[in-house]
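User: I am new to this structure and would like a close look at one part of it, with enough of the surroundings to see how that part fits in.

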Amino acid sequence: MSVRLRYFAWVRERIGKPEEVIETPSGIQTVGELMGWLSARGDEYAHAFENPHVIRAAIDHRHVRSDTPIKGAGEIAFFPPMTGG
Amino acid sequence: MKATVRLQREPFDSAAEAAKLTRGSGDVGAIVSFTGICRGVEDGEPITALTLEHYPGMAEAEIERHVIEASDRWPLSGVTVIHRHGRIAAGEDIVLVITASSHRDAAFAAAEFLMDYLKTRAPFWKQVEKAGSKTWVDAKATDGAAAARWTTTHRREAAQ
């Protein structure tokens, strides 16, 4: 199963790209585990996810928590706390 | 209920948007219109502009979900939310929230609720331009607390 990952604001800047499609890694079940797996992919990912508790996530355009399962997700987004309005 | 949610680069006309909510509606007794503006000064330092990044698709969906929640909680006849993105110079408008109702209390409360949620839940990120350098704006704890009080009220209402 492949999933589209999207990055915004300084998460996007640190990783160096706005989005990518990956094959869902086996054994990774939750959003938090996916962040851990991504961190190990390289320095740019490790930098983006160095404080995982501040990173917010969304699955298919809805906010989710780090313990949310990723099964069935089409698009997973990672971003800093929001500063709109 | 008339509901409009729009994301755009261009400026908006708040008076024209408010007029759209009252036109042909005999039941509107109150309109609350809130406009958020790009300040020219932050922590004593001049600001040139803000650049707003957003998550297309999710930003609209998230605002629409909160508009529906507002209309479930208060008797509203109309809601308009317009949020700009891209580069916004100091002094320009950023966001517009208009709520229409028969009475002012619902209009005031719903407008405040929507703004509090836009600040903390709508996927937008501000970058501030000062003296040629750009930095991401940090989320404010006070904004988180402002949004959380509506959840507390909700729980209290549910318990009664």
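Which residues of helix 3 of chain B are buried?

Analyst: This is a predicted model, in which local features need pLDDT of at least 70 and side-chain atom pairs count only at pLDDT 80 or more, while totals for chains, interfaces and linings use all residues. Residues are numbered from 1 along each chain as its sequence is written, and chains are lettered from A and ligands numbered from 1 in the order in which they are written.

The buried residues of helix 3 of chain B are B:Ala106, B:Ala107, B:Ala110, B:Ala111, B:Phe113, B:Leu114, B:Asp116, B:Tyr117, B:Leu118 and B:Lys119. Here a residue is buried if 20 or more other C-beta atoms lie within 10 Å of its own, exposed if 12 or fewer, and partly exposed in between, with C-beta atoms placed from the backbone. Helices (H or I, at least four residues) and strands (E, at least two) are DSSP runs, numbered from the N terminus. Helix 3 of chain B has 18 residues, 104-121, which at 1.5 Å a residue should span 26 Å, and its end C-alpha atoms are 25 Å apart, which agrees; the expected span is 1.5 Å times one less than the number of residues.

One residue that touches this helix is B:Trp74, which lies in the loop between helix 2 (58-73) and strand 6 of chain B. Setting aside neighbours within four places in sequence, B:Trp74 is in contact with B:Ser101, B:Ala106, B:Ala109 and B:Ala110, where contact means that the C-beta atoms, placed from the backbone, lie within 7 Å. Of these partners, B:Ala106 and B:Ala110 are among the buried residues of helix 3. B:Trp74 itself counts as partly exposed, because it has 19 C-beta neighbours inside 10 Å. B:Trp74 and B:Asp105 are 31 residues apart in sequence, yet 9.1 Å apart in space from C-alpha to C-alpha.

Strand 8 of chain B covers residues 93-101, and 8 of its 9 residues are buried, so this strand is largely enclosed by the rest of the structure. Two strands pair if DSSP finds at least two bridges between them. Strand 2 (residues 30-37) of chain B pairs with strand 8 in the antiparallel sense over 8 bridges, and B:Ser33 has B:Ile98 in strand 8 as its bridge partner. Strand 6 (residues 76-84) of chain B also pairs with strand 8 in the antiparallel sense, over 7 bridges, and here B:Gly78 is matched with B:Ala100 of strand 8 as its bridge partner.

Chain B also holds an open sheet of 4 strands in the order 7-5-9-10, with antiparallel pairing. Strand 7 (86-89) and strand 10 (133-136) of chain B stand at the edges, each with a single partner strand, so one side of each is left without a neighbour in the sheet. Strand 9 (residues 124-130) of chain B runs antiparallel to strand 10 and is joined to it by 4 bridges, with B:Trp136 in strand 10 as the bridge partner of B:Gln127.

The surroundings extend to the other chain, since 14 residues of chain A are in contact with 21 residues of chain B. On the chain A side, the elements that give two or more residues to this contact are helix 1 (9-15) and strand 5 (75-79) of chain A. By class, that side has 9 nonpolar, 5 polar and no charged residues, counting Ala, Val, Leu, Ile, Met, Phe, Trp, Tyr, Cys and Pro as nonpolar, Asp, Glu, Lys and Arg as charged, and the others, Gly among them, as polar.

Strand 5 of chain A belongs to an open sheet of 5 strands in the order 2-1-5-3-4, where the pairing is mixed. At its edges are strand 2 (19-23) and strand 4 of chain A, each of which pairs on one side only. Strand 1 (residues 2-7) and strand 2 of chain A run antiparallel and are joined by 5 bridges, and A:Arg6 stands opposite A:Glu19 in strand 2.

Chain A offers a counterpart to the opening question in helix 2 (residues 31-39), where A:Val31, A:Leu34, A:Met35 and A:Leu38 are buried. They cover an arc of only 105° around the axis, which puts them on the same side of helix 2 of chain A; the arc is that of the directions from the helix axis to the C-beta atoms. Their cover includes helix 3 (43-48), strand 3 (56-59), strand 4 (62-64) and strand 5 of chain A.

Conventions. Contact = placed C-beta atoms within 7 Å.
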